[in-house]
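Let's take a walk through this structure together, one piece at a time. Have the sequence and the 3D view handy as we go.

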Amino acid sequence: AAPGEFDPYRVLGVGRSSSQADIKKAYKRLAREWHPDKNKDPGAEDKFIQISKAYEILSNEEKRANFDRYGDAGESQGFSQQQHRQFHRFHDGFYFDESFFHFPFNSERRDTSDEKYLLHFSHYINEIVPDSFKKPYLIKITSDWCFSCIHIEPVWKEVAQELEALGAGIGVVHAGYERRLAHHLGAHSTPTLLGLINGKITFFHNAVIRENLRQFVENLLPGNLVEKITDKNYISFLSDWRKDNKPHVLLFDHMPVVPLLYKLTAFAYRDYLSFGYVYVGLRGTEELSSQYNINVYTPTMMIFKEHIDRPADVVQAREMKKQLIDDFLSQNKFLMVARLTSQRLFQELCPVKKSHRQRKHCVVLFTGEGEKFAEAYEAFLTFAVANTKDTLKFVHVYSDRQPEFADALLMDEEKYHGRSAVVILERRNNAGKIAYKALEEAWQGSKEDNFILLDLLDQLRTDPGLLSSETVVADLNDELAPMFLVRWFYSTLDYISDCWDSLFHSNWREMMPLLSLLFSALFILFGTVIVQAFSDSSDTRDAPPSGKEATAAKTEKNDASFSKESNSRIPKKGFVEVTELTDINYTSNLVRLRPGHMNVVLILSNSTKTPLLQKFALEVYTFTGSSSLHFSFLSLDKHREWLEYLLEFAQDAAPIPNQYDKHFLERDYTGYVLALNGHKKYFCLFKPHRSGDEGGTLGSCKDYDASQHVEARGKSSCSPGSRSIKHKLHKLSFWMERLLEGSLQRFYIPSWPALD
């Protein structure tokens with residue numbers, strides 16, 4: 001290979017004539033040495049990826065032959081066959097020779113603009129999915145040696161840069177290195193484009209052109225983010241601040257449709273602000289433009305709070321940029337005197353103090369709804385507008401909607417009943433501890449009340465001890481949360497919409513579970529009708545029994561039915577069938593195991609075979625009634641290398657031995673139990689119970705007939721050594737319960753290794 005090109009032989013340090021055994025041995029040695037969890041070198045992860053990539057090429061004879069002949073593997077890793085078929089369908093009659101037309105299929109020679117967008121599984125789960133509730137993501141799944149991926153790359157690069165500048169998220173998944181994430185996303189070929197919003201995935205099915213991709217991202221957004229505003233509805237829109245408890249934003253522009261930048265901004269700030277759009281070129285907006293003196297030739301953004309006759313803040317710019325809008329909106333996320341409607345809002349407006357220099361106080365008006373409290377509220381609002389600072393926030397609470405919060409601070413005193421009250425408070429911790437001081441008299445909004453409150457705030461600057469009272473308050477009620485039935489209704493609509501979209505685009509892989517459930521329900525329904533019809537016809541031919549006999553028969557039938565339902569896992573045999581897992585039955589018992597079935601494998605040695613099998617049979621006997629479980633044992637003396645290869649995929653399950661460690665071959669894995677799912681390529685791991693975990697109790701060795709439960713020769717031993725070995729499987733039955741519940745951690749592997 002030319003300098004700088006990827007050479008798998010050089011990466012693994014083997015010759016071109018090396019056997020598969022030599023390649024496998026070199027891969028295992030290098031993988032252990034450069035595994036990122038074990039090697040803290042900054043370049044360990046890149047080196048490990050190169051090692052895995054090299055082994056994937058050289059372990060496949062077809063890819064190895066293509067590399068020896070042409071200098072590359074010829075097909076995309078893991079996604080090659082389907083993509084290759086698509087290529088030939090798309091280019092029938094066109095001869096393509098990669099040795100003549102050199103395309104940059106190798107990722108090392110491709111454009112590196114995607115590197116900053118690369119996603120890993122943990123990064124996607126922990127950061128991208130939560131962030132998708134603030135902005136939509138456009139994600140591309142790609143791979144090496146993918147002709148179609150290169151074909152769409154110029155369009156992708158242009159659209160990615162454009163959408164990122166508007167506020168959308170961009171992600172790239174390399175299917176060759178992140179197969180787990182690609183499988184999680186449901187991508188079965190490359191290239192695949194999909195959108196992510198609110199944790200929900202939507203696939204892109206149209207031609208990859210700029211207009212389609214922009215429209216796809218725009219369609220991901222909810223349709224009610226931005227309201228069209230005219231002269232007829234602007235007053236009602238701006239007056240909704242009381243009901244929504246949010247400032248309202250108006251954008252004036254001469255574009256007939258709402259710009260995508262504005263929609264993305266509305267989605268990001270939808271929890272804090274309500275958005276409206278005014279098309280200044282439309283007839284019916286003249287009064288609105290004149291009311292607020294709008295320059296129709298320059299985009300203008302206005303924020304309205306408690307006063308709808310004048311904006312609280314304004315920004316104008318010939319080109320509205322995302323950074324400008326974010327800075328403008330982040331400073332105006334709340335009303336001047338916001339109403340505390342949830343615990344989240346309380347925590348944002350009145351944060352816990354971080355230090356003495358960062359004290360933040362809240363002035364809370366406890367009031368009610370209706371004209372009776374309007375004058376006191378307006379006076380408090382006027383006072384707040386004049387005195388709001390970074391360290392001082394003004395809020396109000398409806399006492400009847402937050403009764404626990406009001407009673408904790410006002411102590412249910414008579415002088416505040418039916419009247420407004422003001423409390424100055426400071427949150428001391430997140431557990432609800434609050435220091436506070438209430439005004440001596442009810443708040444009426446008079447000049448005297450204003451002077452008293454202003455004097456207390458001046459004293460608070462120099463004397464933090466003014467807040468002499470302390471209490472603990474419970475979390476506030478979420479006043480604006482929808483009712484359960486409403487949430488259930490919208491969730492049902494979303495699910496139906498997803499199913500319809502999948503069915504419309506013939507996405508059969510995702511629709512298979514739903515179709516299977518539907519046909520199963522229909523089969524059970526019609527089967528029940530047919531059986532009932534035959535049962536009724538046979539009953540009419542038989543004479544009806546007497547009343548006592550009918551009652552007795554019904555009782556007996558109900559008892560039998562209850563017994564059957566409550567003992568759905570009763571063992572069908574008086575023993576446990578445990579077969580040895582060997583190279584002869586390995587394919588049928590694991591690799592080609594039917595979907596939904598699992599093989600529970602006990603690891604033992606020749607010296608521990610009899611006691612471990614006896615204890616294993618005792619622990620799993622109650623689970624033998626399940627037809628989806630199979631039980632086997634594996635000899636550690638014969639297949640240690642196979643076991644250690646599997647354990648490398650289990651995080652911290654077993655330390656990877658150093659290649660210079662002389663004693664790693666003596667590591668004791670007896671008593672380990674693996675539940676292997678051959679179809680989905682994952683396993684669950686049970687590690688032996690330490691005898692010292694429960695005060696050194698080794699457990700009792702009870703009399704037990706081995707021939708009744710396990711077909712294994714040998715006599716049961718009650719020696720201390722036998723008890724210690726058997727105690728390794730202590731609590732295995734509890735682990736089996738969790739296995740059937742599906743709550744155990746799963747360790748996925750790319751493919752099952754050969755059992756040599």
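A crossing of two helices is called left-handed if the near helix is turned anticlockwise from the far one by less than a right angle, and right-handed if clockwise. Keep that in mind for our opening stop, and remember as you look around that this is a predicted model.

We start with a pair of helices. Helix α2 covers residues 20-34 and helix α3 covers residues 44-58, and the two pack with their axes 10 Å apart at an angle of about 165°. Angles over 145 degrees count as roughly antiparallel, so α2 is roughly antiparallel to α3. And the handedness? α2 and α3 make a left-handed crossing. Plenty of side chains take part in the contact: α2 brings residues including Ile23, Tyr27, Leu30 and Trp34, while α3 brings, among others, Phe48, Ile51, Tyr55 and Leu58.

Next up is a sheet. Strands of a sheet pair through backbone hydrogen bonds, either parallel or antiparallel. Here, 5 strands line up in the order β5-β7-β6-β8-β9, making an open sheet with mixed pairing. At the edges sit β5 (226-228) and β9 (313-316), each of which pairs on one side only. Going from strand to neighbouring strand, the turn is 20° on average, direction ignored. For a look at one pairing, take β6 (residues 248-253) and β8 (residues 300-304): they run antiparallel and are joined by 5 bridges. If you want to find one of the partnerships, valine 249 has isoleucine 303 in β8 as its bridge partner.

Two helices lie across this part of the model. Helix α14 (residues 322-330) lies across β6, β7, β8 and β9, and runs at about 15° to β8. Helix α12, for its part, lies across β5, β6, β7 and β8, running at about 165° to β7. Is α12 largely enclosed or largely open? It's largely enclosed by the rest of the structure, because 7 of its 9 residues are buried. Among those buried residues are Leu260, Tyr262, Leu264 and Phe267.

Now for the charged side chains. The whole structure holds 29 salt bridges, and we'll drop in on a few. One joins arginine 214 and glutamate 162, with N and O 2.5 Å apart. Arginine 214 belongs to helix α9 (residues 210-220) and glutamate 162 to helix α7 (residues 147-166), so this pair ties together parts that are 52 residues apart in sequence. Arginine 214 is partly exposed, at a relative accessible area of 22%. Both residues also belong to a network of salt bridges that links Glu158, Glu162, Arg210, Glu211 and Arg214.

Another salt bridge pairs arginine 339 with glutamate 479, their closest N and O atoms being 2.4 Å apart. Arginine 339 sits in strand β10, and glutamate 479 in the loop between β15 and α19, so distant parts of the chain, 140 residues apart, are linked. Arginine 339 counts as buried, at 4% relative accessibility.

Our last stop is the salt bridge between glutamate 580 and lysine 638, at 3.4 Å from N to O. Glutamate 580 is in strand β16 (residues 578-580) and lysine 638 in helix α24 (residues 636-647), a link between distant parts of the chain, 58 residues apart. Glutamate 580 is partly exposed, with a relative accessible area of 25%, whereas lysine 638 is exposed, at 55%.

Key: Residues numbered from 1 in each chain as written. Predicted model: local features only at pLDDT ≥ 70, side-chain atom pairs only at ≥ 80, totals over all residues. Heavy atoms only, no water. Salt bridge = Lys/Arg side-chain N within 4 Å of Asp/Glu carboxyl O. Helix = DSSP H or I, 4+ residues; strand = E, 2+ residues; numbered from the N terminus. Buried < 20%, exposed > 50% of the residue type's maximum accessible area, 1.4 Å probe, protein only. Pairing = 2+ DSSP bridges. Axes fitted to C-alpha atoms, helices over the stretch in contact; angles between N-to-C directions. Contact = heavy atoms within 4.5 Å. Parallel < 35°, antiparallel > 145°, perpendicular 65-115°, else oblique.
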